[in-house]
Amino acid sequence: RMTDDTYPHVIGHAFANGYRAYRITERLRAMERVREPDLLALQLDTTTELHEFYRDLIRRLLTPEVLAQHPELAEAREAVEAWDGRAEKDSRGVALLTAFRRSLAASVFAPFLQGCREHGSRLRLRRRPRYAAQDLAHGAGSRNPARSGSVRGLARVPVA
């Protein structure tokens, strides 16, 4: 259900990147007729093509020559090779691919985010522009973050 600003609880934040919505859309488009069992299968579908790029990248990076110099990476390469393309809770392959993707993103974007780190605690993200007048009248950050959460109002963003 939709809520307004008086709803006292944070419903959530840090939502997924949208791949799941893409996957659902693709599966629904492929169905000629949608029945209840189809929807159950769709709900239980854990296939993730998102990580295929990172699997292929690891295959190109962890060559036999690299593994000869860093044998501790052989087990990771084997887990990635054994990955079946599904995001199952006990899949070591998808766990490694997710960690690799996060680490890669952090490394790639670090130089671009350095300016944000230099500003430290002065950096604020404004989630809803209509709070700007309140913030000016009451001092920035006066909203109670424990009540409104990071989704509503202003939130300090610690950048590590």
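## Surface and model basics

The chain exposes about 12,000 Å², and 57% of that comes from carbon and sulfur atoms. These areas are Shrake-Rupley values with a 1.4 Å probe, and for residues only the protein chains shown count as cover.

Keep in mind that this is a predicted model: local features need pLDDT of at least 70, side-chain atom pairs count only at pLDDT 80 or more, and totals for chains, interfaces and linings use all residues. Residues are numbered from 1 along each chain as its sequence is written, and side-chain values use heavy atoms, with hydrogens and water left out.

## Fold at a glance

The chain has eight helices and two strands. Those are DSSP runs numbered from the N terminus, with helices being H or I over at least four residues and strands being E over at least two. Going along the sequence, the order is α-α-α-α-α-α-β-α-α-β.

As for burial, 21% of the 160 residues count as buried (buried is under 20% relative accessible area, exposed is over 50%, and partly exposed is in between, with a 1.4 Å probe and protein chains only). Take the contacts, meaning heavy atoms within 4.5 Å, between residues at least 6 apart in sequence: 57% of them join residues at least 24 apart.

## Salt bridges around E81

Side chains of opposite charge can pair when their charged atoms come close. Here the rule for a salt bridge is a side-chain nitrogen of Lys or Arg within 4 Å of a carboxyl oxygen of Asp or Glu, and by that rule the count is eleven.

E81 is a good place to start, as it pairs with R59, the closest N and O atoms sitting 3.0 Å apart. That bridge links distant parts of the chain, with E81 in helix α5 (residues 74–82), R59 in helix α3 (residues 52–61), and their positions 22 residues apart. Both ends are partly exposed: E81 has a relative accessible area of 33%, and R59 has 31%.

E81 also has a salt bridge with R77, this time at 3.2 Å between the closest N and O atoms. Both E81 and R77 are in helix α5, four residues apart, or about one turn of the helix. Zoom out a bit and you get a network of salt bridges linking R55, D56, R59, R77 and E81.

## The α5–α6 link

Helix α5 shows up again with E75, whose side chain meets that of R92 in a salt bridge, 2.9 Å from N to O. R92 lies in helix α6 (residues 92–119) and E75 in helix α5, so this pair ties together parts that are 17 residues apart in sequence. R92 is partly exposed, at 48% relative accessible area.
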